[in-house]
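Open the model in your viewer and keep the selection tool at hand. This tour goes stop by stop: select, look, move on.

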Amino acid sequence: VAAAQSQLGVPYQWGAESPGSAFDCSGLTEWAWGQAGVQLDHYTGAQYDETTHVSMADIEPGDLLFYGVNASDHVAMYIGGGMMVEAPYTGAVVWETPVRTGAGFWGVGRP
């Protein structure tokens, strides 16, 4: 969580995984977990497949939240207190925001 939060304010760029410069959603989660010695692929669907699936009732800081059919559209990291950190979309920066579990939410994965 601390690694992901250290990138707050870094611009979103599709396909990017460059600390201090740019990230996309799966690049941020891949890099952040990599700082803890955990390897994840740079694609949301692959990250979902690489994680243990847990319920929202069991979510813990560091767990990943996935969106889109087969977790193919977006990934964010749960940071606790109902909040997550994400690299959201072009024109935005890495930010903290409340967890979204409405339309498009696919599930939670624990690396």
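**Stop 1: a charge over a ring.** Select Arg100 and Tyr67. The charged end of Arg100 sits over the Tyr67 ring, 5.3 Å from the ring centre. Keep in mind that this is a predicted model.

**Stop 2: the partner of Tyr67.** Keep Tyr67 and add Phe105. These two form an aromatic pair, edge-to-face, with 5.5 Å centre to centre and 65° between the planes. The angle is over 60°, so the pair counts as edge-to-face. Now colour by element. Tyr67 belongs to strand β4 (residues 64-67) and Phe105 to strand β8 (residues 105-110). The two residues are 38 apart, so the pair links distant parts of the chain.

Is each ring buried or exposed? Tyr67 is buried, at 8% relative accessible area. Phe105 has 22% relative accessibility and counts as partly exposed. The cut-off for buried is under 20%, so Phe105 misses it.

**Stop 3: another aromatic pair.** How many aromatic pairs does the whole structure hold? A search finds four. Select one of them, Phe23 and Trp31: this pair is tilted, 5.7 Å centre to centre, with 50° between the planes. Both Phe23 and Trp31 are buried.

**Stop 4: the largest nonpolar core.** Select Leu64 and Met77. Of the 21 residues in this core, these two touch the most other members. Next, show the elements that give two or more residues to the core: α1 (2-5), α2 (25-34), β4 and β5 (74-80). The most comes from α2, with five residues. In soluble globular proteins, nonpolar side chains tend to be buried together.

Zoom in on Leu64. Beyond its neighbours within four places in sequence, Leu64 contacts residues including Thr29, Trp33, Leu40, Val75, Met77 and Val108.

**Stop 5: a second core.** Apart from the largest core lies another, of eight residues. Ile59, Tyr67, Tyr78 and Met84 are among them. You met Tyr67 earlier, under the charged end of Arg100.

**Stop 6: a buried acid.** Select Asp63, in the loop between β3 (52-54) and β4. Buried or exposed? Asp63 is buried, because its relative accessibility is 2%. Turn on Glu60 as well. Its backbone nitrogen lies 2.8 Å from a polar atom of the Asp63 side chain. Finally, show what else surrounds Asp63. Not counting residues up to four places away in sequence, Asp63 touches Val54, Asp58, Ala76, Met77, Tyr78, Val108, Gly109 and Arg110.

Technical notes. Residues numbered from 1 in each chain as written. Predicted model: local features only at pLDDT ≥ 70, side-chain atom pairs only at ≥ 80, totals over all residues. Heavy atoms only, no water. Phe/Tyr/Trp six-rings, centres within 6.5 Å; stacked < 30°, edge-to-face > 60°. Buried < 20%, exposed > 50% of the residue type's maximum accessible area, 1.4 Å probe, protein only. Helix = DSSP H or I, 4+ residues; strand = E, 2+ residues; numbered from the N terminus. Lys NZ or Arg CZ within 6 Å of the ring centre and 35° of its normal. Core = buried A, V, L, I, M, F, W, Y, C linked by side-chain atoms within 4.5 Å. Contact = heavy atoms within 4.5 Å. Polar contact = N/O pair within 3.5 Å; in protein donor to acceptor, adjacent residues only side chain to side chain.
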